[in-house]
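Visitor: I am new to this structure and would love a close look at just one part of it. Could you take me through a single pair of helices and then what lies around them?

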Amino acid sequence: MLFDLVVGACSIYGGSWIEGAGAAYAENEALRWLSNLAGLPAEAGGVFVPGGTIGNLSAMVGARKAAIASFEAAGKPLPQRWAFVVSQTAHSSVPSAAEVMGVDVIRAETDSRRRLTGDTVDAALSQHGDRVCGVVATAGSTNLGVVDDLASVGALCRERDVWFHVDAAYGGAALAAPQARAQFSGIEHADSLIIDPHKWLFAPYDCCALIWRNPDQGRAAHAQHAGYLEFLNAFGDWNPSDFAIQLTRRARGLPFWFSLATYGSDAYGTAIQLTIDLAREAGRQVEAADHLRLVWEPQLSIVVFERIGWDGAQYQARSIEMMNEGLAFVVPSRHDGKPVFRFCFINPRTSTEDIAVIIDALR
Ligand SMILES: Cc1ncc(COP(=O)(O)O)c(C=O)c1O
């Protein structure tokens, strides 16, 4: 947090190499750490953008650009309206990006574990054929923490030559926890990937890592061209602005890099595993409470449960009361049309006693 103050006070221009090479170098080191955790190739790279919403939009614009290039190279006519295949559980920023882009969203079916799979995506692709310019998989859905079956979806995208974007805005942090890594198998096939350090990687807002498997594709979609920019482009070949929808930018990845360099990456894995363990413990406490019902077995650090016998208004009222009492900020959500409560742990200092107090306050 304090380093963010330093970054703000220095007001480094983080858009071009010539103006902010030191900052861009350090940001790239932090991006490299995430990219290596995901198993992307050595040449992968990108930029820190304000949040997952802009990250998803920038990646989807890149996917469409690549599809246009490949259609044109093959002499195929461009569809009237492009579409993305996404999961039922995709974050709201995905349809919102589609709306900004003027493209459609096709919601593929999910399996019994609410995951997008190669088969469900295949069915959607077979139906919508050449209109699809990309598949958006989620690695850690916002409501339940579900990680799509990235291995089968990634393999299918390779086979069908369709762009594979992975929205790991929340869940991607768990790549740092060795015990959780297996859930993400297949993420290494991503053409583009987002992870928000401002969610579960303890970085101050606003900080989303957008990583391109082939940074040239990010550049092709986003580099701006103007007479006065030509001079800047002559210095070095890595201008962070080229990789997303933006030009002027603050070096927002620096506080995250500084923290990684200070504490070491192992400290991240340990802290994240603590919150995953905490979620499992919270799940057990919920199961043991006779006024609550666990709705979903915690996969990452999210615990979703029902307060037996309450309607939506009661959930709402109790949440507001707990906030006013200064006790907890537990936001009601919805699962299959029913109101639920949802814990999402990102602070490793949360204790099992804290959870017990909240569970008791829901009696
Ligand atoms: C899976 C997922 N993707 C994208 C976003 C959007 O991220 P941001 O709020 O940083 O724009 C969120 C936010 O919760 C999310 O959970």
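Visitor: Let's start with H5 and H6: within how many Å do their axes come, and at roughly what angle do they cross?

Guide: Happy to. You are looking at a predicted model, where local features need pLDDT of at least 70 and side-chain atom pairs count only at pLDDT 80 or more, while totals for chains, interfaces and linings use all residues. Residues are numbered from 1 along each chain as its sequence is written.

Now to your pair. The axes of H5 and H6 cross at roughly 35° and come within 8 Å of each other. From H5, Gly118, Val121, Asp122 and Leu125 make the contact, and from H6 it is Ser152, Val153, Ala155, Leu156 and Arg160. By class, this contact has five nonpolar, two polar and two charged residues.

A few terms will help here. Helices (H or I, at least four residues) and strands (E, at least two) are DSSP runs, numbered from the N terminus. Axes are lines fitted to C-alpha atoms, for helices over the stretch in contact, and angles run from 0 to 180 degrees between N-to-C directions. Two residues are in contact if their C-beta atoms, placed from the backbone, lie within 7 Å. Ala, Val, Leu, Ile, Met, Phe, Trp, Tyr, Cys and Pro count as nonpolar, Asp, Glu, Lys and Arg as charged, and the others, Gly among them, as polar.

Let's stay with H6, which covers residues 150-160. Its buried residues are Leu150, Ser152, Val153, Gly154, Leu156 and Cys157. A residue is buried if 20 or more other C-beta atoms lie within 10 Å of its own, exposed if 12 or fewer, and partly exposed in between. The buried residues of H6 pack against H5 (118-128), and also against strands S4 (132-138) and S5 (163-167). After H6 comes Asp161, with a positive phi near 55°.

On the way into H6, the loop that comes from S4 holds Val147. Val147 is buried because 28 other C-beta atoms lie within 10 Å. Setting aside neighbours up to four places away in sequence, Val147 is in contact with Ala139, Gly140, Gly171, Gln183, Phe184 and Gln299. Glu306 is 159 residues from Val147 along the chain, and their C-alpha atoms are 22 Å apart.

Another neighbour of H6 is His189, in the loop between S5 and strand S6 (192-195). His189 touches Gly154, Ala155, Cys157, Arg158 and Phe164, again leaving out residues up to four places away. With 22 C-beta neighbours inside 10 Å, His189 is therefore buried. Between the C-alpha atoms of His189 and Ala63 there are 14 Å, with 126 residues separating the two along the chain.

On the H5 side, look at Arg114, in the loop between strand S3 (104-107) and H5. Arg114 is not a glycine, yet its phi is positive, about 65°. Most residues other than glycine have a negative phi, and most peptide bonds are trans. Since 16 other C-beta atoms lie within 10 Å, Arg114 is partly exposed. On the subject of peptide bonds, the one from Tyr205 to Asp206 is cis, with omega near -5°. You will find Asp206 in the loop between helix H7 (197-200) and strand S7 (208-212).

For a contrast with your pair, try H3 (residues 52-73) and H8 (residues 215-222), which pack at about 95° with axes 9 Å apart. H3 and H8 are therefore roughly perpendicular, a label for angles of 65 to 115 degrees.

Finally, step back to the whole protein, which is divided into domain 1 (2-263) and domain 2 (266-361), with bounds from an automatic or database domain assignment. The centres of the two domains, taken over C-alpha atoms, are 29 Å apart. In domain 1, 19 residues are in contact with 17 residues of domain 2. The largest nonpolar core has 104 residues, of which Phe84, Val135 and Leu210 touch the most other members. Each of the two domains contributes at least three residues to this core. A nonpolar core is a set of buried Ala, Val, Leu, Ile, Met, Phe, Trp, Tyr and Cys residues joined through C-beta atoms within 7 Å.

Definitions and conventions
Angles under 35 degrees count as roughly parallel, over 145 as roughly antiparallel, 65 to 115 as roughly perpendicular and the rest as oblique.
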